[in-house]
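Here's a quick briefing to read alongside the sequence and the 3D view. Take a look at the structure, then work through the notes by topic.

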Amino acid sequence: MASNLLDSPIIQFTILLTVIFTVPPIFERLRIPGLVGLLVAGVVLGQNGLKFLDTNSETVKLLSDIGKVYLMFVAGLEIDLGQFRKTKNRSIVFGFLTFLVPLIAGIAVGRLFNFGWNASVLIGSLLASHTLLAYPIVSRLGVVMNEAVTVTVGATIFTDTGALLVLAICVGIHGGEFTVLNLVTLLGGLAIYSVIVLFGFDWAGKEFFRRSGDEQSNQFLFILLALFLASVGAQIVGVEKIVGAFLAGLAVNDVVGRSPVKEKIEFIGSVLFIPCFFVDMGLLINIPAFIQTLSSIWLTVVIVVALISSKFIAALIAKLIYRYNNAEMLTMWSLSLPQVAATLAASLVAYQTLNPAGERLISEGVLNSVIVLMLVTSIMGPLITARFAALLQMPQTDFETESLSNWWESSEGQPVENTQDIFTVAVPIYNPNTQRYLIEMAALIAQHESGRILPLAITKAHVHMDDPQLGISLEQSQQRLKLAREISQEFDVKVSTAIRIDDDIALAISRTSREQNTSLIIMGWSRTTGLRARLFGNVIDRVFWSSHCPVAVTRLVNSPKTIQRIIVPIGDLRPQTISAWRFAEMLADVNKAEVVLLHVSNSKTPSNLVEQFTIQLSEIVAKSQLQVNTKIQIIIDDDVAKSIVREAQAFDLAVLRSVRYRTTGGLAVSQVTTQVIEELTGSIVLLGEAHL
C-alpha cells in the first residue's frame, strides 16, 4: 500500500518540491553548493537509499528531461555574445585549445581503461566543455573586461558546441550500424538544422518581440516554445535534444537581452526543472557499487587528474601564444575548470543510450566519475578564481578614451540623446510621507544642472474611464503634485508635473520618462527583507530593466539638504561604477559637502596593484570639472560588506551601484550590496544604469 502511494505522480512531485525547497539552503549554510545537496538527496531518497523516488517513474523522467534541456538552454542563453565578438579570434584559439587538449586526454583515459574508441572519444568530449560557474566572482571583482576573462567567456561557445557535436556523432555510432554515408547525412542534417535554429529563431524572435510590445507573458511562452521546438527538431534530424536546446539558447540570446523576460525564463528553470535534473542524477548514483569497484575509484582519480592537468596545459599554451601573465593564465584555467552544465547533461544522455545489444555508451563507473568530477571542479574552480582574479589588471585605455564630463552618459561616452534639451529629473510620487525628501533630492540635482524636475503621479487604470474610484485617485494625484510644486519652489527650480493613467506602474514611469527625455529617475523604496529586498520590489526592478536613463533608488532618513558627508564604495573602475561617484559629486557640489571614495581591497592583493588602483582612481578624480572636496580611502579587509557598513556609519549618505549578475541558479543581486543595504541605518542611494 505504501509503495503504491509513493508511486503516485502527485506524491513524487511533492517529494521533489520538498527536497528542492529544504535541502539547498541547508548545504549553502555549510558553505557547500546547493546543487551538491540535491545530488546527495537523490542518493538518499533513491533505490539505493530510502526508495522514496525512482528514476524510472514518469514524473521524475519528465521533470528531469525538461531540466536537462533547460540546463543547456540556459547555458546558451548566458553566453555573452558581445564579449565574444570583441575577442573573437583569441576566443576561438583558446576554445580550440581548451577543447582539443582535454579531448585527447579523455581519449587516452578511455583507452587506458580498455573502453572502445567510440566510448573513449565520448569521455574526451565530456572533459572538453566547461561551465562559467565562477563568472559571478570576476563580475564582483570588476575584472570582466580583462582580456583573459573575455577570451575564456567567448571560448565557452566553441567548447560547448564542439562537445555536443561529438556527443551527437558518438550517440549515432553507438545506436546501430553507422556508415560513412550515415555520418555525412547526420552532419549535413545537423548543419542545416543549426542554420535554421540560429538564424531562423533569431529572426522570428526579434519580429515577435517587436510586434508583441510589452506582452511579457506571450514573450515568455514564445521563448519556451522555441526551446522545445528546437529540442524536438534535434531529435528529428537524429541528434540529442540537448544539442537543440543549447542552439536555441544561442539563437534567442540577442532577442531577450537583459530583459525581464530573460529573468523569468531563468527563474522557472532554476527553481524547479534544473533542480529536478540534479536530484535525478543523484538517483542514478550507486554508492555501494561505486565503493566496491576499485577500478571505478582509479578511473575517477585518473579522469579528475586528466581534466585538471589538460585544462591547465591549454591555459599555459594560450599564455605562451598571447603573452599573458601568470594571474591571467591561472584565471583562464580556473574559469574553464568547472564541469557542470554540458558535462552532466551529456553524460546522462550517454549513460541512457543503448545499442541494439542493450549495452550503454558509457558505464556506471564513468557516470559516477563525472559526478565526482563535477563536485571537485565546481568547488576548486571558484576558489582558484577568487584567489587569482583579484590580481588581474583592467585595461588602462578604458578611461583614456572615455568622456566622463557628464555622469549620465552611456558607456560609449555619448549622451543618451538630445543634449540640447534641459536636464530633467523624473520623480514618481505616491507616498506623501516620503515625498518631500524625494522632491528635495531631485531639486538639488536639477538645481546643480540648471534643469527641471518632473513630479509624476501614476493612477491605476480602470475598465471604465468614468469609474468614480478613478476620479478619486486622480484627485489624490493632483493633491500630491500640488505638494510637489510647493516643495520645488523652495529650491527655485523649474517644475513640470504629469499624471499618467496606466495598468502597469513600472512601464508608465519608463514611458513617461522617455517621452519627456529625462536624464535621471529618482525613486524611493521602503525597507524590506528577504526576496523582496534582493529584487528591490517588482516595480523598481522593472524600472531598472526598462528605463532609458539611470535610476536612483533612495532610502532617505534625513533631508538631502543636510547631507555634508557622502561615502561612495568603489569596487572597480568601470564607467558604470564611476557614475555613482559622479552622482555623489553633483550632490556634494550643491551642499558644499565632502565625498570619500572607499575601496576595500583583499588582503591577498599585492600592494603594487593596490597602489596602481589608487593612482588610476586619483587620475579620474583629477579630471573632474567640479571643485568638490574628494578623498580616497583604501582599506585592506577580506570582508568587503562589513568594512563598508563600518565606515559608512560616520557619513550622512552612502551612494551604491546596483551590481547584478546571473548564475546557473538564476538572478542574484550582489551579496555585498544586499548586505550593506540591510545593515546600514542611514540614507542610501542605489544607482542603476540604463539598459544599454
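What is the mean pLDDT of the protein, and what share of its residues reach 70 or more? The mean is 79, and 86% of the residues get to 70 or more; pLDDT is the predictor's confidence in each residue, from 0 to 100. This is a predicted model, so to speak of local features takes pLDDT of at least 70, side-chain atom pairs count only at pLDDT 80 or more, and totals for chains, interfaces and linings use all residues. Residues are numbered from 1 along each chain as its sequence is written, and side-chain values use heavy atoms, with hydrogens and water left out.

**The overall picture**
- The protein has 29 helices and 13 strands; these are DSSP runs numbered from the N terminus, with helices being H or I over at least four residues and strands being E over at least two.
- Of the 692 residues, 57% are buried, where buried means under 20% relative accessible area, exposed means over 50%, and partly exposed is in between (1.4 Å probe, protein chains only).
- About 29,600 Å² of the protein is exposed, and carbon and sulfur atoms supply 59% of that; accessible areas come from the Shrake-Rupley method with a 1.4 Å probe, and for residues only the protein chains shown count as cover.
- Take the contacts between residues at least 6 apart in sequence: 80% of them join residues at least 24 apart. A contact here means heavy atoms within 4.5 Å.

**Low-confidence stretches**
- Over residues 396-420, pLDDT stays under 50, and the model has 45 contacts beyond four places in sequence for them.
- Residues 527-537 also have pLDDT under 50 throughout, with 17 contacts beyond four places in sequence.

**Strand β13 and its partners**
- Strand β13 covers residues 683-688, and 6 of its 6 residues are buried.
- Both faces are covered: Ser683, Val685 and Leu687 sit on one side, with Ile684, Leu686 and Gly688 on the other.
- β13 pairs with β6 (residues 551-555) in the antiparallel sense over 5 bridges, and Thr554 has Val685 as its bridge partner. Two strands pair if DSSP finds at least two bridges between them.
- β13 also pairs with β10 (residues 653-657), in the parallel sense over 5 bridges; here Leu653 is partnered with Ser683.

**Helix α29**
- Glu678 lies in helix α29 (residues 671-679) and is partly exposed, at 41% relative accessible area.
- Glu678 and Val645 are 33 residues apart in sequence, and their C-alpha atoms are 9.6 Å apart in space.

**Salt bridges**
- The structure holds 14 salt bridges, each being a side-chain nitrogen of Lys or Arg within 4 Å of a carboxyl oxygen of Asp or Glu.
- Arg436 and Glu440 meet in one of them, at 3.2 Å from N to O. They are 4 residues apart in helix α21 (residues 432-448), which means about one helical turn separates them.
- Glu440 is buried at 2% relative accessibility, whereas Arg436 is partly exposed at 32%.
- Arg436 forms a salt bridge with Glu490 too, with the closest N and O atoms 3.3 Å apart. That pair links distant parts of the chain, 54 residues apart, with Glu490 in the loop between α22 (468-489) and β3 (494-495).
- Arg565 and Glu594 form a salt bridge at 2.9 Å, N to O. It joins strand β7 (residues 565-569) to strand β8 (residues 594-601), the two residues being 29 apart.
- Arg565 is partly exposed at 30% relative accessibility, while Glu594 is buried at 13%.
- Arg500, Asp502, Arg511 and Glu515 are linked in a network of salt bridges.
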